[in-house]
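This report describes selected features of a predicted model. The sequence and the structure are shown first, and the description follows.

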Amino acid sequence: MTDQVPKAQVDTRKAHPARVYDWLLGGKDNYEVDRIVGKQLPLVVRRSARQNRDFMERAAKWAAGRGVDQFLDIGTGIPTAPNLHHVVQRIIPTARVVYADNDPIVLRHAEALLVSTREGKTAYVEADVRRPHVILEHARHSLDFSRPVAVSLIALLHFIGDEDDPYGIVRTLVDALAPGSFLAVSHGTFDFEPDGAKTIAAPYASGGITVHPRTKAEVERFFEGLDLLAPGVVPAPRWRKDKKRPSEARSVVYVGVAAVRAP
């Protein structure tokens, strides 16, 4: 079961975070203006983009493996297989997934996000994370918030400045969740890249994109009031990594997953 979305116009005159990320992952849904930014970024950023994607898969599998069958993915990005619904519906075919994004490039490709199993459902919400109440209002058409929901904010919050109250945004989302729900976050950092302002922030800025990297302590604040799961907030490759694969410890992305506790 799927929900339909309108077509969108894509501005190709300036770089876009979703398209730069697509290029970093080796995708083809990007333009020269995005590639100019991507090519200026150091190798660790390209590696971290893949590490970030792998974390999304591991976190989704972890939640579905514990019986969570409802997912809200905010800041979805351009579809890149496997998407979240592919991951969780392999485990729970009846799983329901709502994607939310305000990027026109993502909206244009949203049909790819809406190919659900016959038993499950996927839906797409065009909304800005800065208006979490709007996202929740639309998500309630597909998800039952009286039961556990896994919310993911993957590679999104480092594009939200303090003036837009990112911690308040996350708190609004968490306050809507039932006990047994989960919050998964990945967030850019310069903790391991002391020259990040020059090597990472500057290339993004040249394309008109502002990034707001945060320290480990600042990322941990997003999980206040929740039960942060082991191993806590760590570089992306270190979160419950696949022991069959070699670990690449160096990363510019912190990740973490936390559970909503009963009141």
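## Arg221 and its surroundings

Arg221 belongs to the loop that runs between α9 (216–220) and β6. With a relative accessibility of 43%, Arg221 is classed as partly exposed. Although the two positions lie 51 residues apart along the chain, the C-alpha atoms of Arg221 and Val170 are separated by 10.0 Å.

## Loop residues with particular backbone geometry

The model contains a cis peptide bond between Ala81 and Pro82, for which omega is about -5°. Pro82 sits in the loop between β1 (70–74) and α4. A cis peptide bond also leads from Ala230 to Pro231, here with omega near 10°. Pro231 is placed in the loop between β6 (227–228) and β7 (234–235).

Ala155 is a residue other than glycine with a positive phi, near 55°. The loop between β4 (150–154) and α7 (166–175) holds Ala155, and Asp165 lies in the loop between β4 and α7 as well. For Asp165, too, phi is positive and near 55°, again in a residue other than glycine. Asp165 is partly exposed, its relative accessible area being 43%.

## Packing of α1 against α2

Helix α1 (residues 17–24) and helix α2 (residues 32–40) have axes that come within 9 Å of each other and cross at roughly 60°. This angle makes α1 oblique to α2. The crossing in which α1 passes α2 is right-handed.

On the α1 side, the contact is formed by Arg19, Val20 and Trp23, which meet Val33, Asp34, Arg35, Val37, Gly38 and Lys39 of α2. By class, the residues of this contact of α1 with α2 comprise 4 nonpolar, 1 polar and 4 charged.

## Packing of α3 against α4

Helix α3 (residues 43–65) packs with helix α4 (residues 84–91) at an angle of about 30°, and their axes are 9 Å apart. The helices α3 and α4 are therefore roughly parallel to each other. The crossing of α3 past α4 is right-handed. From α3, the residues Met56, Glu57, Ala60, Lys61, Ala64 and Gly65 meet Leu84, Val87, Val88 and Ile91 of α4. The contact of α3 with α4 consists of 7 nonpolar, 1 polar and 2 charged residues.

Within α4, the buried residues are Leu84, His85, Val87, Val88 and Gln89. Which elements do the buried residues of α4 pack against? Their partners are α3, β1, β2 (96–101), β3 (121–126) and β4.

## Two buried positions in α3

Phe55 is part of helix α3 and is buried, with a relative accessible area of 0%. Beyond the residues up to four places away in sequence, Phe55 touches Ile154, Ala184, Val185, Ser186, Trp239, Val255, Gly256 and Val257. One of these partners is Ser186; the C-alpha atoms of Phe55 and Ser186 are separated by 8.3 Å, while the two residues are 131 residues apart along the chain.

Ser48 is likewise found in helix α3. The relative accessible area of Ser48 is 2%, so this residue is buried. When neighbours within four places in sequence are left aside, Ser48 is in contact with Ser251, Val252 and Val253.

## Nonpolar cores

In soluble globular proteins, nonpolar side chains tend to be buried together. The largest nonpolar core of this model has 54 residues, and Phe71, Phe182 and Tyr204 are those with the most contacts inside it. Helix α3 supplies the largest share of this core, 10 residues.

Phe182 has an extended list of partners outside the residues up to four places away in sequence: Trp62, Ala63, Val68, Val149, Ala150, Val151, Leu177, Leu229, Val257, Ala258 and Ala259. A second core, separate from the largest one, has 36 residues, among them Val98, Val151, Val174 and Val260. Val151 thus appears both among the residues touched by Phe182 and in the second core.

Conventions:
Residues numbered from 1 in each chain as written. Predicted model: local features only at pLDDT ≥ 70, side-chain atom pairs only at ≥ 80, totals over all residues. Heavy atoms only, no water. Axes fitted to C-alpha atoms, helices over the stretch in contact; angles between N-to-C directions. Helix = DSSP H or I, 4+ residues; strand = E, 2+ residues; numbered from the N terminus. Parallel < 35°, antiparallel > 145°, perpendicular 65-115°, else oblique. Left-handed = near helix turned anticlockwise from the far one by under 90°. Contact = heavy atoms within 4.5 Å. Nonpolar A, V, L, I, M, F, W, Y, C, P; charged D, E, K, R; others polar. Core = buried A, V, L, I, M, F, W, Y, C linked by side-chain atoms within 4.5 Å. Buried < 20%, exposed > 50% of the residue type's maximum accessible area, 1.4 Å probe, protein only.
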